[in-house]
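Open the model in your viewer and keep the sequence panel beside it. This tour goes from one selection to the next.

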Amino acid sequence: MQSPSTAPHGGVLIDRFAPEDKTHSFRERASRLPVLRLSARSLADVRCLATGIYSPLEGFVDEKTYDSVVETMRLPNGLAWSIPITLQVNEEQAAHVSRGSEVALADSTGRVIALLEVTDVYRPDQQREAERVYGTTELAHPGVKAMREAGNVYLAGPITVIDDLPEERFPELSLTPAQTRELFAERGWQTVVAFQTRNPIHRAHEYLTKTALEMVDGLFINPLVGQTKGDDVPAEVRVRCYLAMMEHYYPADRVMLGTYPAAMRYAGPREAVLHAVSRINYGCTHFIIGRDHAGVGNYYGTYEAQQLISQFSRDELDIQILKFEHAFYCKKSKQMATTKTTVSGPEDRIFLSGTKVREMLSRGEMPPEEFSRPEVAQILIEAYRQAAEREEKVGASK
């Protein structure tokens, strides 16, 4: 079996699960420690750290690493890294923690799943973090809001997972980097392009993924299923859309679906770099970055993510970035296109905004087939109908 040529970021694929023969002693130790319940975002970070998605990090970053990442987009050793992976708590929680101590990390039910060896406790300048990482200090930005609300004290140190992580919503699609590397090898894929998405796949996405697929052995559709904004399409609905697309419109032997468990930070260009690093660790050799990658509102330029990631050389980020412009259906050439591949004017291009599409779907109207495949549109229409019925029942019960 051949495997992709990409080594993990930093050279080693991290595994922070306790050896089976030591889990009992770890759990006994944890029973005597202060317990910290993790937020959904921190729990997602624990999963990414433990499985190697965030290699080479072994835990939450200390102040020195935090400062280096925020200011230079690099770890202290010079390795590319764009967003500090932090564990935030409030002052009351921090009162029970000190450097050199240990903390038991629990899920939302209070079940302890990991230990944190506390190597640092610090209170950084969150205004600076917002400006540097998110490009804004506005609380209207969901990433800034989440960071500000999570607490002003940061705990650092390596983690060790000592019990089963909470079951994923899509266990059959929950693949670790070790597993994807093995599966790519089994399929004989030496080159693999990753597609990051938090939206259903419409015709524009289909066009760019298939264009990319012409260049490589396999396509890894890797949708983010961690915490997102309330108005984003729920992950359960999106997964049904991905499966429908794969069944009807992609060659089965050249595409794979696996979930990306991270929470969405909406950090735009900086998050694009983190997404690329994660796909290096999954074993991908290519990564698609289109318009407004990981963006929200009007906080980032249309192709700012492409511009930022171009600052890193292949020696720094060992993955080939495939940059795509916004795609649309061209009535003149009767096919999907971008401004690079058509001479048509705006009047010949079918492009619907996300707001317009949501309005159509909520009314039960099918978007034009040039915009969305009917199988996907039907799934979304049914999801919007069910959501409306639930809202009506809630309203009637008040």
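**Stop 1: a helix and its buried side.** The model is predicted. Start by selecting Thr65, which sits in helix α3, residues 63-72. Is Thr65 buried or exposed? Its relative accessibility is 13%, so Thr65 counts as buried. Now show side chains. Those of Thr65 and Asp62 are joined by a polar contact of 2.8 Å. Add Leu75 and Pro76 to the selection: Thr65 touches both, leaving aside residues up to four places away in sequence.

Next, colour the buried residues of α3. They are Thr65, Tyr66, Ser68, Val69 and Val70. What do the buried residues of α3 pack against? Show β6 (120-122), α5 (126-134), β7 (153-161) and α10; these are their partners. Then step just past the end of α3 to Met73, where phi is positive, at about 60 degrees.

**Stop 2: two helices that cross.** Stay with α10, which spans residues 269-282, and add helix α7, residues 177-186. Their axes lie 8 Å apart, and the helices pack at an angle of about 60 degrees. α7 and α10 are therefore oblique to each other. Which residues meet here? From α7, pick Pro177, Thr180, Arg181 and Phe184. From α10, pick Ile280, Asn281 and Tyr282. The residues of this contact between α7 and α10 comprise four nonpolar, two polar and one charged. While α7 is on screen, recall a general point: an α-helix has 3.6 residues a turn, so residues three or four places apart point the same way.

**Stop 3: the open sheet.** Switch to a cartoon view. Select the five strands of an open sheet and follow the order β10-β9-β8-β11-β12. The pairing is parallel. Which strands are at the edges? They are β10 (255-257) and β12 (320-323), each of which pairs on one side only. Across this sheet, neighbouring strands are turned against each other by 25 degrees on average, direction ignored.

Zoom in on β8 (residues 192-197) and β9 (residues 218-223). This parallel pair is linked over six bridges. Find Thr197; opposite it stands Pro223 in β9. Now add helix α9, residues 235-249, which packs on the sheet. Helix α9 touches β8, β9 and β10, and its direction makes about 165 degrees with that of β10.

**Stop 4: unusual backbone spots.** Some background first. Most residues other than glycine have a negative phi, and most peptide bonds are trans. The next selections depart from that.

Go to the loop between α2 (40-51) and β2 (59-60), where Pro56 lies. The peptide bond from Ser55 to Pro56 is cis, with omega near 15 degrees.

Move on to Tyr266, in the loop between β10 and α10. What is the phi of Tyr266? The value is near 60 degrees, positive in a residue other than glycine. Tyr266 is also buried, with a relative accessible area of 3%.

Finish at Ala294. Look for it in the loop between β11 (286-289) and α11 (304-309). Ala294 is not a glycine, yet its phi is positive, at about 60 degrees. Is Ala294 buried or exposed? With 7% relative accessibility, Ala294 counts as buried.

How values were computed:
Residues numbered from 1 in each chain as written. Predicted model: local features only at pLDDT ≥ 70, side-chain atom pairs only at ≥ 80, totals over all residues. Heavy atoms only, no water. Axes fitted to C-alpha atoms, helices over the stretch in contact; angles between N-to-C directions. Helix = DSSP H or I, 4+ residues; strand = E, 2+ residues; numbered from the N terminus. Parallel < 35°, antiparallel > 145°, perpendicular 65-115°, else oblique. Contact = heavy atoms within 4.5 Å. Nonpolar A, V, L, I, M, F, W, Y, C, P; charged D, E, K, R; others polar. Pairing = 2+ DSSP bridges. Buried < 20%, exposed > 50% of the residue type's maximum accessible area, 1.4 Å probe, protein only. Polar contact = N/O pair within 3.5 Å; in protein donor to acceptor, adjacent residues only side chain to side chain.
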